[in-house]
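Subject: A structure for you to look at

Hello,

Here is the structure I promised to pass on to you. Please open it next to this email, and then read on for what turned up in it.

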Amino acid sequence: GSASASMAAIRASPVAVPPTVAPPAAPEPPTVVTIPAIGIRASVLPVHAVNGVLGVPADPHELGWWADGAQVGGATGTVVLDGHVDSAVTGEGALFDLTRLQIGDRVLVATASGRTDRFTVVARRTYQKAHGLPPDLFRTDGPNRLVLITCGGPFDRAARSYLDNIVVFATPVA
C-alpha cells in the first residue's frame, strides 16, 4: 500500500517545467501594410534605388519596399516603404491620407509567412525634394524602425511633380 500512496503524492505535486521561449522571428520582406486610422490596406512590392532615386510601384494603390534595406522583424535598420500620393489617371494613391496619421496610430505590416508586426507612429516630417531625403532614412544599422514616404506639398504643374516628400516614422510595438 505504501508504494501506491507515494505514487499518488508524486502525481499530485507540481512539476517545475522551464518555460519555452520561442526563438525570435526571422526577418522577412513586407507583403501587406494596413493602417486602420486612415483606412489603408495595400500590397507591397520590392523596389530598388537607381542613381539615388528610390523606385515606386507603377500601380498607385501598391507600396514599394526598399529591398536593399531592412526587413520586417529585424533587430536593426530602417524598413523603408514608399508609395504614390495620387495619380492623374487613377486618383488617390495608397498613401493619399498619410498626412492625417497621428502620433500613436498603428501601422500593421504583414509578411509572407503570415506574421504581422505592429508599429506605432512617432513622428512626421516634410522634406523639400530639391534638397533630397536625409541619408539617415536609409540606415541598415541603428534601431529597427519603419518609414513611409510619399509626395506632398505644393504641386509644380510645369514639372508635374509635388515639391515635397512626406515621411512618417514608426517604431516597433514591443
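Let me start with a term you will need: two rings of Phe, Tyr or Trp (for Trp, the six-membered ring) count as an aromatic pair if their centres lie within 6.5 Å, and planes over 60 degrees apart make the pair edge-to-face. Please keep in mind that this is a predicted model.

By that definition the structure holds two aromatic pairs. One is made by Trp66 and Phe138: the ring centres are 5.3 Å apart and the planes stand at 90°, so this pair is edge-to-face. Trp66 sits in strand β5 (residues 63–66), while Phe138 belongs to the loop between β10 (116–128) and β11 (145–156). With their positions 72 residues apart, the two rings link distant parts of the chain. Trp66 is buried, at 12% relative accessible area, whereas Phe138 is partly exposed at 23%. The cut-off that separates them is 20%, because buried means under that value.

The other pair is Phe155 with Tyr162, again edge-to-face, at 4.9 Å from centre to centre and 70° between the planes. Phe155 is partly exposed, with a relative accessible area of 41%, and Tyr162 counts as buried at 18%.

Now for the overall picture. The chain has one helix and twelve strands, and along the sequence the helix is followed by the strands. Eight strands make a closed barrel, in the order β1-β2-β5-β6-β11-β12-β10-β9, with mixed pairing. On average, neighbouring strands of this sheet are turned by 35° against each other, direction ignored.

You can follow part of the barrel strand by strand:

- β2 and β5 run parallel and are joined by four bridges; Val47 stands opposite Trp66 of β5, the residue you met in the aromatic pair with Phe138.
- β5 and β6 run antiparallel, with two bridges between them; here Trp65 is opposite Leu81 in β6.
- β6 and β11 pair in the parallel sense over five bridges, and the partner of Leu81 in β11 is Leu148.

Why is β6 described as largely enclosed by the rest of the structure? Five of the five residues of this strand (residues 78–82) are buried, which is the reason for that description. Both of its faces are covered, with Thr78, Val80 and Asp82 buried on one side and Val79 and Leu81 buried on the other.

Leu81 also turns up in the largest nonpolar core, which has 25 residues. Val33, Ile35, Leu81, Val107 and Leu146 are the ones with the most contacts inside this core. At least two core residues come from each of β1 (30–35), β2 (40–47), β5, β6, β9 (106–111), β10, β11 and β12 (161–172). Apart from this core lies another, of ten residues, including Val47, Leu54, Val80 and Ile149.

Leu146 is a good residue to click on. Leaving out residues up to four places away in sequence, its contacts include Val79, Leu81, Val107 and Phe169.

Finally, some totals. Of the 174 residues in the chain, 36% count as buried. Among contacts with a separation of 6 or more, 59% are between residues 24 or more positions apart. The accessible surface of the chain comes to about 10,000 Å², and 59% of that surface belongs to carbon and sulfur atoms.

Enjoy exploring!

Best wishes

Conventions
Residues numbered from 1 in each chain as written. Predicted model: local features only at pLDDT ≥ 70, side-chain atom pairs only at ≥ 80, totals over all residues. Heavy atoms only, no water. Buried < 20%, exposed > 50% of the residue type's maximum accessible area, 1.4 Å probe, protein only. Contact = heavy atoms within 4.5 Å. Areas by Shrake-Rupley, 256 points an atom, 1.4 Å probe, with all protein chains shown as cover. Phe/Tyr/Trp six-rings, centres within 6.5 Å; stacked < 30°, edge-to-face > 60°. Pairing = 2+ DSSP bridges. Core = buried A, V, L, I, M, F, W, Y, C linked by side-chain atoms within 4.5 Å. Axes fitted to C-alpha atoms, helices over the stretch in contact; angles between N-to-C directions.
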